[in-house]
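Trainee: I should like to work through this structure with you, one feature at a time. May we begin once it is in view?

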Amino acid sequence: MPFEPVFETINYTCGKKTLTEQIKVECRTAVKQEDLLSVLNVSAFATVTKGQADENKFNYGGKVVFYTSYISADGAPAKCECGSEFKGDIKDEIFSLNSKTTVSAVVDKAYAEYSGAYLTVIAYVTIRVKVSDCKEVNALSGGSNLIINESELKYPKSYGLKRASYPVEEEFQVGYAVEEVLSHRAQAVISAVQCGVGCIIVDGEVLLSAIMLQSSQRNGIIKENKTFPFRVEIECEDAMPNMQAAASVKERSFKIDVAVDKENAVSVITASVILDLEGEAFYTDVVTLATDAFSTEQEVEIVKEKVKHTNLGKLTTCSVTVSGRAITPELSVGASVLAVGGEKVEIVKVDCANDCTTISGVISATAYLRDGDEKIFTINLETPFESAVSCEFLCEDISDICARAYNGRAKIVSLTETDLEVDISFTVYPEEKTELEVIGKIKPIGEKVKPTAALSVYIATAGEDMWTLAKRLSVSPETLAQTNSDLTFPLTGDERIVIYRQK
């Protein structure tokens, strides 16, 4: 009698793919060339406001806000702000309407150039889209006229990507009157993620830095560094405290307001940041599938498939201080460093050899200096670094590393050399892999030749279990147990197996 197999569709994530595209964004400032002596620094903040997967394409849109500090025609430091929107798409066959994606925008480089009567600022922005490569496979789960050896297979599954926005507003006081905020930056860092009842709990801190001009002292520049903690609960109705969770964060907007009390020479700074968070809670999915099968009537061919399911694991965080020596244009005698801003880190290599993790790359920053004539100018500092870190992970399990550089310091050691030191916070997102083996196909390849005797006696094979014995003898395990109730598995090889057949 022909058998009829039954298959179950298993959805799984076989990994993540990251696609990038660099775009150029320009903005004309309100600064006229005739009102400008020199540009001190251009910093830019990029945010994605639209991200939608389509068939074979991902559409994105966003905005870049530029902050330009410069020396005006009267010799005083000043700042201007402008913004420009962008949009585009990334084409790849991996995208579909149901794709699970995360998109971010990172400013690689920002600078100014003279174009016509006004100063123009330019940024090169990398759009990074991470998409989960989700697939499905048919797995044998049962069927008529088939003897099935089944087992429970367990693997972690996500309840789906959950999102939340969270405003952070903090106030602090400085002991001087602020004339102008020349540049400012906020960076969010996650320190821990866990599940609560109906939510994903994300803990972290916002690293704030601002370079400010004092109104009481000409060309007096001071940098302020502040750290503000945050805790966000992302709604996920199925989450429970015993579940594993993962999350990421990015800054959508950031602004600083300054209230100055010149009489008492103090200023109150209000920093406002909006954070966009994405989180996932994971549960253990249990499916009962066939690990082996046979027919008592037909010879069968089985095709097995190995499925590698991946999901995000528990993130790891650590911080290090790195330093290096940067080669600079020749400085004038008497030059001194006032502040360091715009710290960046680029990871080039991660080495996990000899039970030690070493990360190497490049750190860079902008140093604000004053020369012997009290004039303000800036130089760009860049130097390689290599540092051992305390994060516990295996290189082959890394899904992503988020590195944030902050609290930069610089020291002039010669007219052409300056030491740069920064603190770096690393957040490592690992991948956990689960391998499943399923029966993807089963088909008949011929009729079985059946014994004609009413009773047969078989010699056991040492080490056999109930299933392998039943399959070898082409009887169900239930039939085998009924006629050989005294068998103890695994077999020793001395047993005699009796099979009765009705005539």
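Trainee: In the hairpin of S3 and S4, which residue in the turn has a positive phi, and of about what value?

Mentor: This is a predicted model. Strand S3 (residues 57-72) and strand S4 (residues 77-91) run antiparallel and are joined by 15 bridges. Four residues lie between the two strands of this hairpin. The turn residue with positive phi is Gly75, at about 90°.

Trainee: Which residue of S4 is the bridge partner of Thr68?

Mentor: The strands to consider are S3, residues 57-72, and S4, residues 77-91. Across this pairing, the partner of Thr68 is Cys80.

Trainee: Which are the edge strands of the open sheet S16-S17-S18?

Mentor: The sheet has three strands in that order, with antiparallel pairing. An edge strand here pairs on one side only, and this holds for S16 (336-351) and S18 (376-389). From one strand to the next, the twist averages 15°. The edge strands are therefore S16 and S18.

Trainee: What is the distance from Lys448 to the nearest side chain of opposite charge, and why does that pair not count as a salt bridge?

Mentor: Lys448 is in the loop between S20 (417-447) and S21 (455-459), and it is buried. A salt bridge requires a side-chain nitrogen within 4 Å of a carboxyl oxygen, so Glu299 does not qualify. The side chain of Lys448 instead reaches the backbone oxygen of Ser295 at 2.6 Å and makes a polar contact with the side chain of Ser474 at 2.8 Å. The distance to Glu299 is 5.0 Å.

Notes: Residues are numbered from 1 along each chain as its sequence is written. This is a predicted model: local features need pLDDT of at least 70, side-chain atom pairs count only at pLDDT 80 or more; totals for chains, interfaces and linings use all residues. Side-chain values use heavy atoms; hydrogens and water are left out. Buried means under 20% relative accessible area, exposed over 50%, partly exposed in between (1.4 Å probe, protein chains only). Lys and Arg count as positive and Asp and Glu as negative; His and the chain ends are not counted. A polar contact is a pair of N or O atoms within 3.5 Å; within protein, one must be able to donate a hydrogen and the other to accept it, and residues adjacent in sequence count only if both atoms are side-chain atoms. Axes are lines fitted to C-alpha atoms, for helices over the stretch in contact, and angles run from 0 to 180 degrees between N-to-C directions.
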